[in-house]
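Visitor: I should like to learn how to read the place where two chains meet. Would you kindly guide me through an example?

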Amino acid sequence: MGALTDPRGYWGDLTTPERGVVGAITVFAVLLVLGLLTGVLAPAYFLYLVGLAGMYALLSFGLNSQWGFTGLINFSVAAFFGLGAYGTALMSASSSPIAGQFLPIFGLVAALVLAAILAVAIGIPTLRLRADYLAIASLGLAEVVRLIVLNEREVTNGSAGVRGIPTFFEGWPVLETLPQQLPGIFIQPLPGTRLVFEEPFWSALLNVAVVVTFVAGSYAILRRAHRSPWGRVLRTIRGDEDLARALGKHTYGFKMQSFVLGSLIMALAGVFYAHLNLYVSPSDLDPVTTFYVWVAVILGGSGSNRGALFGGIVIVTIREGTRFLNGFEWIPVDVAPLRILLIGVLIVVLMRYRPQGILPPQRELIWPSVVDEAPDQPTSGVREARMGGNDD
Amino acid sequence: MVVDYLASGLVFSSIIVLGSIGLSLIYSIANFANFAHGDTMTVGAYTALVTFGATGGLGAGLLGLPLGFFLALVVGIVAAAVVAVLTEKVVYDGMDAGSIELLITSIGIAFIYRAIIQMGFGADFTRYDVQTLRPIEALLPYGIRVTQHDVAIVVSAFILVGGLHTLLQYSDLGRKMRAMADNPDLARVSGIRTDRVKLWTWIIGAGLAGAGGVFLGLYNQLSPRMGFNLLLLIFAAVILGGIGSVYGAMLGGFLIGMINQLTPVLGQLGELLPLVPDTFAIPIGIEYANAIAFVIMVAVLLVRPRGIAGEGA
């Protein structure tokens, strides 16, 4: 059934949208490779993009475990992302107004603890609310968090942001100096182009390794959680909360667990971002980040983890791809509004024509063995089962 | 000092009220939280900017504003209504979706409005080309610093809200709108053409939002994000007043606007209140004015989800 062992069978098993996505990803990957080979895309910048895509995938996973699994409309994604970024930045940065200078691993712990506290603090008042009230209330509370980060200068350095954030592996035995020690490699794949693999490339590779670890870890946890009895309760709550309550489930508690779990993953994305960007500012808590992540999740298909991954890649393509347009002088409009316009049109078109998303969850909710062992066709016909065929 | 805050609270409230009535109407009749409502205000503001730029200082002045400005106001109202009705026809109408899907769609609509405005006018702040006025001299001895423009905002808002009240209470359409807000299904089986009422609701709600946007631009400045920045305050007002109740939205808008402008008082409580030591103060600055409104909103949702004008939880 694998794509490598039996490509034809794998292709035959895919639905039409899945084929489209596989095709689009293939074309996109070929374009990227071409860009790398011709030198349009610098290898280090390419890895930065991969890091960003991984970060959006993490954010989408987080939102997916709230909205996709449990049906919680959380519009405070940016707050958890920003708190994760600020948590680690304030612990580890050289210009931090409070603690500072700690190892990033402590920053990671601090960020996760902060996010868990905030999740409970936002969850307690809002999770009892009706769905649309939850959306408005969580957006309002996220704005409160943004205002606090913006105005409490003694703690957060205010609108100036925090600089001097170390890379994630600073203070680690081997990994800290690994990028400097690796040799510079120069390759000439085509005449006239030259690929440079030097220190920035190696440290970007290290960043990608971090985000891949985060993504893989979260994916494994979420996949297991989603298929567990716990995940089944969440899906029941999403489908019909009254039913879940009638079955004796403490829905508020389950919602809170799902909310905290998702928020921790969002904070993890923030931690990665802080050590990728090496600078955080209150603008990272802007509500537009929340809506980017929402587009990623809806586009991918609510409840589907692979869809979240796909949505994350599309969002980075929109965000960074529009940056490329800056290079073309003939485009008469500013790029920033073009990006917002694209996001807006994408939301409207999706909700109007394909609200379930491009890759809605299908088999990933079921144990694979169940699918593999199920017969393709019934072993006996309906008529035989009815003992005879005299109904025509 | 407090009188001055109250006066500016009244001005700001007028703008919030104009926004919150429309949001509340659309919430109750189209049955979703319209996140594009703030950007509808922006549409009104920028249309007025263009119109005013074309007509300029037409005719004599009224309350420090040329008559051309009032023409621009009307055009802004009409433009906001037209844009909202077009959006309803093209996007929302015929969508087989629940309130959550519509809510998310309206976020997309909000982005589209904002992006188009930003493409045309840039992200920077602009102003209406009207003279900046000094506060009215006669009121200064009482400690009130308001300009004639502020008075124009309050008076215009009063006229618009009064007009809506008359419409709701004394016209056929108003009765149908109230019936539909109360119980859409009952209204439909009673023979009310609910589609037409819904359309009028969009026109009235978005028109008032357009007026609110024009006044917001006159009160502060214009920027593509102006309406979106105000949206959560308007939601706070609507929720405080009680979703679906037009009069609740007025009351909620008034209270939220007042609370917003009265925030500095918290830092001077000791000096203002008798029997309290002078040094007593709640150390929350004006920068948290919006945050206070959002916290009130969440508190209201928890304690009394149907708002102060609602029938209770």
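Guide: Let us begin with charged side chains; please note that this is a predicted model. Between chain A and chain B the count is one salt bridge.

Visitor: Which side chains meet in that salt bridge?

Guide: The partners are B:R225 and A:D286, with 3.1 Å from N to O. Polar contacts are tallied by a separate rule, and five residue pairs satisfy it across the interface of chain A and chain B.

Visitor: Which elements of chain A give two or more residues to the side that touches chain B?

Guide: They are α6 (131-151), α13 (287-300) and α15 (335-353) of chain A. The largest share comes from α6(A), with 14 residues. By residue class, this side of chain A divides into 31 nonpolar, three polar and six charged residues.

Visitor: How is the extent of the contact expressed?

Guide: One may give residues or area. Chain A and chain B each contribute 40 residues. Together they bury about 3500 Å², and 82% of that area lies on carbon and sulfur atoms. On the chain A side, A:Y133, A:I136 and A:R352 supply 19% of the area buried against chain B, more than any other three residues.

Visitor: Turning to a single residue, is B:M297 buried or exposed?

Guide: The general idea is to compare its relative accessibility with a cut-off: buried means under 20%. B:M297 has 1% and therefore counts as buried. B:M297 lies in helix α12 (residues 289-303) of chain B.

Visitor: Which residues of chain A does B:M297 touch?

Guide: B:M297 touches A:I136, A:A137 and A:G140. Within chain B, its contacts include B:L232 and B:F235.

Technical notes
Residues are numbered from 1 along each chain as its sequence is written. Chains are lettered from A and ligands numbered from 1 in the order in which they are written. This is a predicted model: local features need pLDDT of at least 70, side-chain atom pairs count only at pLDDT 80 or more; totals for chains, interfaces and linings use all residues. Side-chain values use heavy atoms; hydrogens and water are left out. Contact means heavy atoms within 4.5 Å. Buried area is the accessible area (1.4 Å probe) that two parts lose on being put together, summed over both. A salt bridge is a side-chain nitrogen of Lys or Arg within 4 Å of a carboxyl oxygen of Asp or Glu. A polar contact is a pair of N or O atoms within 3.5 Å; within protein, one must be able to donate a hydrogen and the other to accept it, and residues adjacent in sequence count only if both atoms are side-chain atoms. Helices (H or I, at least four residues) and strands (E, at least two) are DSSP runs, numbered from the N terminus. Ala, Val, Leu, Ile, Met, Phe, Trp, Tyr, Cys and Pro count as nonpolar, Asp, Glu, Lys and Arg as charged, and the others, Gly among them, as polar. Buried means under 20% relative accessible area, exposed over 50%, partly exposed in between (1.4 Å probe, protein chains only). Lists of a residue's contacts leave out its neighbours within four places in sequence.
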